[in-house]
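Got the model open in your viewer? Here is a short walk through it, one selection at a time.

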Amino acid sequence: MPKIQNITVLGSTGTIGMNTLDVVARHAELFRVVALTANRQVDRLFEQCRQFQPDYAVMLDPDCAEVLHGKIKLAGLDVEVLSGIEALERVASLPQVDSVMAAIVGSAGLRPSLAAAKAGKRILLANKETLVMSGSVFMDAVRQHKATLLPIDSEHNAIFQSLPRDFSGDLDGSGVKRILLTASGGPFRTVPLSDLDNVTPQQACAHPNWVMGRKISVDSATMMNKGLEVIEAHWLFNADADKIQVVIHPQSVIHSMVEYIDGSVLAQLGNPDMRTPIAYALGFPERIDAGVSSLDLFKIARLDFEAPDMVRFPCLDLAYQALRQGGTTPATLNAANEVAVDAFLDERVPFKLIPAMIESVLQKNSSKPVVALEDVIDADAVARESALEWMRVMGYA
């Protein structure tokens, strides 16, 4: 009988978190949930506590934590309710926890993910901002504390599966020519550019293939999501920008590919369902049932590929530029994007001005070396203020 794996799920009420718990529920003999965390979704976290009965439930918002505590007490559940960023770090590094699903969206996931790395945990990384903002700091912590890092993004998980099992960060030594990172192209891939002037949040969040949160859906519409994944792939696989090629693949069936110097191209295929990479990481190195339906190649019938249009998707180009510039520039890019997307979702900034806002912040803030986490946090704060200043000057505040 295999040892039960104790898990903390950071961001359990989001799409990745809920899919993680769906897989966990299918394998009660393999997994035990120690801690669940959320930002403000009290009711959903309470229901998860009733189902999985964790030792801890953490809410980032203290007022919401107080409400949750009342519900937990009334239901007679033996769950300790905590709040704040320090509590997130605590449950990510508990001695009894084996694995941490890092699924908090945005920069809020950085500190608890880093805490898990410093505690030497097995980290299932779905929070791409951790690597985008603090790639060198995070990867140094993973190596120094002998943590295990397994990527959850479908693209990076596909690359991980397509690389040699003993891959240690040397692409040339493994015979790898380049990484082919696939992208759906989002909801506006074929929409005339003139029609993007009046895009609504609802339209931008209507992804053709994937069910995702609002922020990531907007990032997919601008292809900033793919740009962030390019930066993430750089850190995960020690790949220079020139060795990472983005390929538009509208069907989202091939999740990414690895091209080798002998001409072989290995790809990972599957239905667009996040439970596949989640189950792969949860069970690694074994494979477990994810509850995902079989891929019907006859129904799909065709697979299409296109080169990305940088005029249509300037955010992707900005991400490549940030990766090449290095230092704090990726953190600046990420912070400006988070402010821009929030403003768009609040209907304060037009969709088409998201890249302009990001580019302005990048031009205003020069890159600095990243030596410690504080360098990243400082760059993030400065970039956010620059983004807000841009909004004020442009009349969008």
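How many of the eight residues of helix α4 (residues 85-92) are buried? Six of them are, so to speak, under cover, and helix α4 counts as mostly covered. Buried here means under 20% relative accessible area, exposed means over 50%, and partly exposed is in between, using a 1.4 Å probe and protein chains only. Before you click on, note that this is a predicted model, where local features need pLDDT of at least 70, side-chain atom pairs count only at pLDDT 80 or more, and totals for chains, interfaces and linings use all residues. Residues are numbered from 1 along each chain as its sequence is written, and side-chain values use heavy atoms, with hydrogens and water left out.

Select Ile85, Ala87, Leu88, Glu89, Val91 and Ala92: these are the buried residues of α4. Now show what covers them, which includes β1 (5-10), β2 (31-38), β3 (56-59), β4 (80-83), β5 (99-102) and α5. Helices (H or I, at least four residues) and strands (E, at least two) are DSSP runs, numbered from the N terminus.

Next, stay with helix α5 (residues 110-118) and add α6: they pack at about 15 degrees, with their axes 9 Å apart. Axes are lines fitted to C-alpha atoms, for helices over the stretch in contact, and angles run from 0 to 180 degrees between N-to-C directions. The two helices are therefore roughly parallel to each other; the cut-offs are under 35 degrees for roughly parallel, over 145 for roughly antiparallel, 65 to 115 for roughly perpendicular, and oblique for the rest. To see the contact (heavy atoms within 4.5 Å), pick residues in α5 including Leu110, Leu114 and Ala117, and in α6 including Met133, Val137 and Phe138.

Keep helix α6 (residues 128-144) and bring in helix α14 (residues 329-345). Their packing angle is about 135 degrees, and the axes are 7 Å apart. That makes α6 oblique to α14. On the α6 side, light up Glu129, Val132 and Met133; they meet Pro330, Ala331, Asn334 and Glu338 in α14.

Last stop: rings. Rings of Phe, Tyr and Trp (its six-membered ring) pair if their centres lie within 6.5 Å; planes under 30 degrees apart are stacked, over 60 edge-to-face, and the rest tilted. The count comes to six aromatic pairs. One of them, Phe160 with Tyr280, is edge-to-face at 6.3 Å centre to centre and 75 degrees between the planes. Phe160 is partly exposed at 24% relative accessible area, whereas Tyr280 is buried at 7%. Add Phe284, and you have one aromatic cluster of Phe160, Tyr280 and Phe284.
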